[in-house]
Structure formats: C-alpha cells, structure tokens
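Biologist: Please take a close look at the ligand site for me, and go slowly. Once that part is clear, carry on outward from there.

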Amino acid sequence: MNMTDQAVAPLLRIADVTVRFGGLTAIDRVSFDVHPGELLGLIGPNGAGKTTMMRSITGVVRTTAGGVELDGVRLDGMPIERRIRCGLSLSQQLVKPFRGMSLLANVALAAGSAKTSSPLKSLLHLSRREELAVAREMLERVGIAQHAEQNPAIQPLGILKRLEMARALALRPRVLLLDEPLAGLNSKEANALSSTIQDINRQGVTIVLIEHNLGEVMRICSRLVVLDNGRKIAEGAPRVVMNDPAVRAAYLGGDTLASAAADQSDTTTACAALGGQHA
Amino acid sequence: MDYEISLLTTMSISVLFALSLNLITGFCGQISLGHATFLGIGAYVTALLGKAGLPFLATLPLSMLLAGAIGAVVGLASLRVRADFLAVTTMGVGFLFVGIIRQQDWLGGELGISGIGGSGLSKTGFMLLALLSTAAVAALCLYIRASWMGRVFNGVAEDEDTMRVLGIDVPRYKLAAFAIGTALAGLAGALYAHHLQFIGPDSFGFVESVTVLSMVVVGGIGSVPGVVIAAALLSALPAWFQFIGDYKLLVYGGLLFLMMRFSPGGMAGLMSRFFNPVQTSAKGER
Ligand SMILES: Nc1ncnc2c1ncn2[C@@H]1O[C@H](COP(=O)(O)OP(=O)(O)OP(=O)(O)O)[C@@H](O)[C@H]1O
Ligand SMILES: [Mg+2]
C-alpha cells in the first residue's frame with residue numbers, strides 16, 4: 001500500500017532539518033514527507049522537538065541546516081507570513097489570542113487574509129460580513145460557537161485551544177499544522193474534536209498533528225512519525241510504529257522516565273495507549 | 001478676536017499633529033519620541049519653497065511627501081528593533097534633525113526662518129483651513145480604524161508575532177503606518193509655519209516630541225475622540241497659564257509618566273472603566 005503513496009509527489013517535504021539553540025540540538029537531521037490528503041501524527045515524549053519541528057516548518061524558528069519544501073516550492077529563507085500565504089497554517093501549542101477582541105473577531109481577522117494581503121488593499125475594504133460568517137462557521141466546527149461574543153481573557157485553556165484551531169482553519173490552509181489541539185479538553189470533548197479533525201482531513205486538508213493523547217492519535221492518524229531527543233526514531237503505520245521497541249523505550253524507558261514521571265498525565269495516556277496496543 | 005482666532009488655529013494644528021502620531025503609536029503600537037522631526041520637515045519644506053516663489057497650496061503636498069518619505073525610512077528601524085529601542089532610535093533621529101538644522105545656513109541655522117507667509121488667506125480664512133484639514137484628518141483616522149487596515153494595525157499593536165502566523169506582512173503595515181502618520185505630521189508642520197510665520201530649530205526638538213506623545217497618551221492611545229480632546233486642551237494650556245510654557249518638558253513629561261504609570265488607557269480608558277466597569281475589554285474593538 002505504500003507503493004501508491006510514494007508514487008505521488010509529497011505535498012510537504014522535510015529534508016535533513018537541524019535546529020540548534022546555542023549548544024542544544026533540538027532537531028537533529030530529521031527528514032520526512034507529508035503526502036497530499038494524509039493525516040500524519042507527529043509524536044514523541046516531552047522535549048522531543050515536536051513543537052520546534054513545526055515552528056521550523058512555518059519559519060517561526062530558523063533552521064540551522066536542511067530544507068522545507070511545500071508542493072515543490074522551497075520555503076527556506078521565506079518569512080513566516082509568506083509561508084502562511086503559500087498555504088501553511090499553524091495552530092500553536094502556546095495559545096496567543098488577541099485579548100482586546102472577541103473570539104469571533106479573532107477568527108474573523110484570520111478569515112480576512114484575502115483583504116489584508118497588502119496595506120493598500122486593506123485600506124479599501126471596510127465590511128467584514130463575510131469574514132464574520134466564516135468565523136462563526138469555524139467556531140461552530142470546533143464546538144465553541146456559544147462563546148463567540150466573549151473575550152478570550154476569561155476563557156479556560158480548552159476553549160482557547162479550540163479558538164487557536166478555528167483561527168488556523170479560517171486561513172483555509174492546504175497543510176494544517178496542529179500542535180496539541182486536544183490539550184485542556186476532557187475525554188468526551190477530545191473525542192469530538194479529534195473526529196472534527198478527521199472530518200476536516202477528509203474534506204481535503206492535509207494535516208500534521210502533534211498530540212500526547214495517543215488514544216486519539218491511534219484512532220485518527222493514517223501514519224506516524226516519532227521523534228525522541230531531536231531525532232526521528234520511527235515512521236510508518238500507527239500499529240507497527242507503536243510496537244517498535246525503540247518507540248516503547250523512548251516513551252517508557254531510560255532517561256525519559258524521570259521527565260515523564262514529572263508529567264503524570266502524559267505518562268498515563270502513553271502507557272494506556274501502549275498497553276492497549278499490547279492487549 | 002484676533003487672539004481667539006490665533007489660539008483656535010494653534011489648537012487645531014496641535015490636534016492634527018497629535019492625530020498623526022496617534023496613527024503610528026496608538027493604532028499600530030510603534031512608539032516614537034522624535035515625531036516633531038516630521039512637523040519640522042513639513043515646516044521647512046513649505047517655508048523654503050514659499051521663499052522660492054511656489055504658491056502656498058502647491059507646497060502642502062510636497063511637505064507631506066518629503067515628511068512621509070523620510071518617515072518611511074525612519075520606520076525601517078521599527079522592523080529591526082522592539083519598543084524600547086525604537087523609542088531611543090526615534091529620539092536620536094530627532095536630535096540629528098535639530099543638529100543638522102542648526103549647522104546649515106541655507107536652512108536658516110540657529111536663527112531660523114522668519115517672514116514666512118503669503119498663504120494668501122486672511123487670519124480667519126487660515127483658521128478655517130486649519131480646522132478643515134484637522135476635521136478631514138480626524139475623519140481619515142476614523143475611516144482607517146474601521147477598515148481592515150485598522151484591524152491589522154490593532155493586531156500588530158497587540159502581538160505582531162501572532163499576526164505573522166496569521167499571514168500578515170507586518171513590516172509593510174508598520175511602514176505604511178509610519179508613512180501615513182509622518183506625512184500628516186508634515187501637513188501639520190506646513191500649517192504651523194504659515195501660522196507663526198517664523199520657524200527655528202527649537203520649535204521641533206525633543207520637548208515638542210514629548211509634548212505630542214503626552215497628548216496621545218493622555219487622550220488614550222488609539223482613541224480618536226480622546227486624542228482630539230486631549231490635544232486641544234493641552235495645547236491651550238500654555239496660553240492660559242504662562243508658567244507651563246516655561247516648564248514644558250517638566251509638565252508634559254510628568255503628565256506622560258503619570259498616565260503611563262496609573263492609567264495606560266488614558267482618558268478614554270478611564271471613561272470606559274467608569275461607565276462600563278465590567279466589560280471594558282470585552283468589546284469587539286477599542
Ligand atoms: N526558543 C528556544 N530556545 C532554547 N531552547 C528551546 C527553545 N525552544 C525549544 N527549546 C528546547 O528544545 C527542546 C525541544 O523542545 P520542543 O518544545 O520542541 O519539544 P516538544 O516535543 O514540543 O515537547 P512537548 O511535548 O513538551 O511540547 C527542549 O529541550 C526545549 O527546551
Ligand atoms: Mg511541544
């Protein structure tokens with residue numbers, strides 16, 4: 001089944017990307033492809049470099065070496081905003097809503113990207129009727145439409161995470177990069193939102209998903225890439241990857257055990273998912 | 001009556017000048033401590049071209065053009081440095097401008113340029129021109145605020161990194177804010193030169209930059225009506241109380257400091273907190 005996958009040119013190609021912060025190598029020569037239409041899970045223990053990987057794809061952090069290509073176009077050297085306008089969109093792990101405006105206005109701002117491509121164009125447009133309609137639709141999609149008129153400053157993390165995702169969706173991306181969209185949600189909400197992510201993917205949006213909730217990752221992802229200590233340690237079909245001894249060791253063994261214990265909820269989800277696989 | 005006409009003209013020009021800084025600092029969040037430079041550029045352009053024989057109305061767009069062009073170049077600094085350093089950079093530009101004027105004889109040097117005039121208008125006519133220009137600029141500001149440009153400025157002022165992730169070309173918007181704001185300051189400068197009929201290096205120094213910034217901050221950063229009221233009142237103060245004119249830096253600098261410390265939203269912020277204590281920030285737009 002992989003033969004047909006490889007025959008199609010990748011939509012996003014990560015080639016030998018390295019990111020260093022001073023002496024720390026956060027990403028170490030990582031390569032992988034994202035095929036058109038797939039829902040790729042990017043997983044790994046805390047501090048593995050997942051967020052840094054996504055940020056280097058969008059240009060938020062600079063790569064020390066290696067390259068990123070979107071649909072055959074090299075993105076290296078492009079500023080963030082140009083990469084976004086090429087069809088990428090990032091829902092960040094650390095939510096950053098605009099606090100001076102409502103949830104709806106936050107999403108509408110993203111939905112107006114066609115009107116804000118240049119200062120002159122933006123000066124000639126007043127109405128945001130269409131953008132508000134798109135924004136409402138996106139908020140509905142992620143299940144927080146009832147909070148549309150409220151201010152983000154008073155919202156809990158679960159709502160802000162979904163706001164972040166709605167804003168990313170409003171850009172109508174070709175590749176949607178989601179960094180822990182399920183954080184702060186209870187299991188019922190997480191289940192509903194990951195089904196929404198699956199729907200969005202089925203409607204043609206290619207998605208890269210970082211998520212610690214491995215149960216949901218196993219349920220919706222078609223393929224996984226696993227990072228540990230900045231290196232890619234496995235790639236392939238979810239069931240195969242999860243039974244890979246190197247992956248199990250990364251999640252459960254060695255020096256990651258101590259850091260995993262510090263973040264108990266992550267450990268338990270990881271264990272549960274791996275255990276589930278085993279049984 | 002002459003006194004009232006002159007005072008009203010002065011107030012009107014100050015309001016125009018404050019609105020021009022409000023576009024850069026209030027709308028787009030880019031601090032400037034050298035805005036008087038662009039008032040000066042506008043004033044010198046109209047004075048020199050007027051002496052060379054160009055009609056007053058023809059010099060106005062040229063004042064705006066040169067001020068806006070140099071403003072865009074200074075705006076380039078805002079692409080490289082963040083808030084506190086931008087304040088220092090723009091302050092440096094202000095000192096540089098005054099330094100150059102002082103050294104150049106063809107710019108009048110220390111003595112300045114006197115005998116500017118020939119706007120061809122009566123005192124009342126000139127006052128009406130100033131009021132009309134100010135009203136037009138206020139309307140332009142309200143329009144920008146309501147347009148997509150205003151929404152982008154608002155976002156850049158709050159969090160430019162997030163705006164980039166939303167695909168906004170932040171550098172171009174900052175340059176646009178600087179270009180528009182400084183061009184309007186050039187217009188204010190041209191009116192200023194013809195109103196006083198004398199300009200010199202001291203009219204466009206650091207004190208004037210602090211004064212106009214205090215007007216914007218007292219009015220409530222970003223609020224058009226707030227800035228109009230604050231600029232009108234604060235520009236009239238020296239006429240009413242002689243000593244304020246003598247201690248400008250102390251008074252306006254002190255006001256600036258107190259406002260930043262105790263009411264960053266300015267008068268507009270105080271008002272909305274007073275009338276609408278719970279929902280202050282929940283509004284769609286400021
Ligand atoms: N801006 C930065 N400067 C210095 N070090 C950084 C920076 N960003 C990330 N790091 C380091 O890079 C490593 C990878 O971090 P990253 O946030 O990418 O991990 P992650 O896989 O997303 O972890 P988590 O699951 O906890 O979100 C960590 O050791 C982190 O401390
Ligand atoms: Mg992360």
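Modeller: One cut-off first: a polar contact here is a pair of N or O atoms within 3.5 Å. Keep in mind, too, that this is a predicted model.

With that in hand, start at A:His212. An N or O atom of the A:His212 side chain sits 2.7 Å from an oxygen atom of ligand 1, so this pair falls within the 3.5 Å limit. Two backbones do something similar. A:Gly49 brings a backbone N or O atom to 2.9 Å from a ligand 1 oxygen, and A:Ala48 does so at 3.1 Å. Together with the rest of the protein, that leaves ligand 1 partly wrapped: 63% of the 630 Å² of accessible area it has on its own is covered.

As for who does the wrapping, strand S2 (24-34) and helix H2 (50-58) of chain A are the elements that give two or more residues to the shell. H2(A) gives the most, namely three residues. Now look at the neighbours that come nearest: out of 14 residues around ligand 1, these are A:Asn46, A:Lys50, A:Thr51, A:Thr52 and, again, A:His212. Sorted by class, the shell holds seven polar, five nonpolar and two charged residues.

From S2, you can step away from the ligand. A:Asp33 and A:Arg13 join their side chains in a salt bridge, with N to O at 3.2 Å. That ties S2 of chain A, where A:Asp33 lies, to strand S1 (residues 12-21) of chain A, where A:Arg13 lies, and the two residues are 20 apart in the chain. Side chains of opposite charge can pair when their charged atoms come close. Over all chains, the search of the whole structure turns up 18 salt bridges.

How many of those bridges run across the interface of chain A and chain B? Just one salt bridge is found there, and it pairs the side chains of A:Glu81 and B:Arg164 at 3.1 Å, N to O. Polar contacts across this interface come to 13 residue pairs. On the chain A side, the elements that give two or more residues are helix H3 (80-85), helix H4 (103-111) and helix H5 (119-123). H3(A) supplies the largest share, four residues. By class, that side of chain A has 15 nonpolar, eleven polar and nine charged residues.

Zooming out, chain A puts 35 residues into the contact and chain B puts in 29. About 2800 Å² is buried between the two chains, and carbon and sulfur atoms give 61% of that area.

Terms used
Residues are numbered from 1 along each chain as its sequence is written. Chains are lettered from A and ligands numbered from 1 in the order in which they are written. This is a predicted model: local features need pLDDT of at least 70, side-chain atom pairs count only at pLDDT 80 or more; totals for chains, interfaces and linings use all residues. Side-chain values use heavy atoms; hydrogens and water are left out. A residue is near a molecule or strand if one of its heavy atoms lies within 4 Å of it. A polar contact is a pair of N or O atoms within 3.5 Å; within protein, one must be able to donate a hydrogen and the other to accept it, and residues adjacent in sequence count only if both atoms are side-chain atoms. Accessible areas come from the Shrake-Rupley method with a 1.4 Å probe; for residues, only the protein chains shown count as cover. Ala, Val, Leu, Ile, Met, Phe, Trp, Tyr, Cys and Pro count as nonpolar, Asp, Glu, Lys and Arg as charged, and the others, Gly among them, as polar. Contact means heavy atoms within 4.5 Å. Buried area is the accessible area (1.4 Å probe) that two parts lose on being put together, summed over both. A salt bridge is a side-chain nitrogen of Lys or Arg within 4 Å of a carboxyl oxygen of Asp or Glu.
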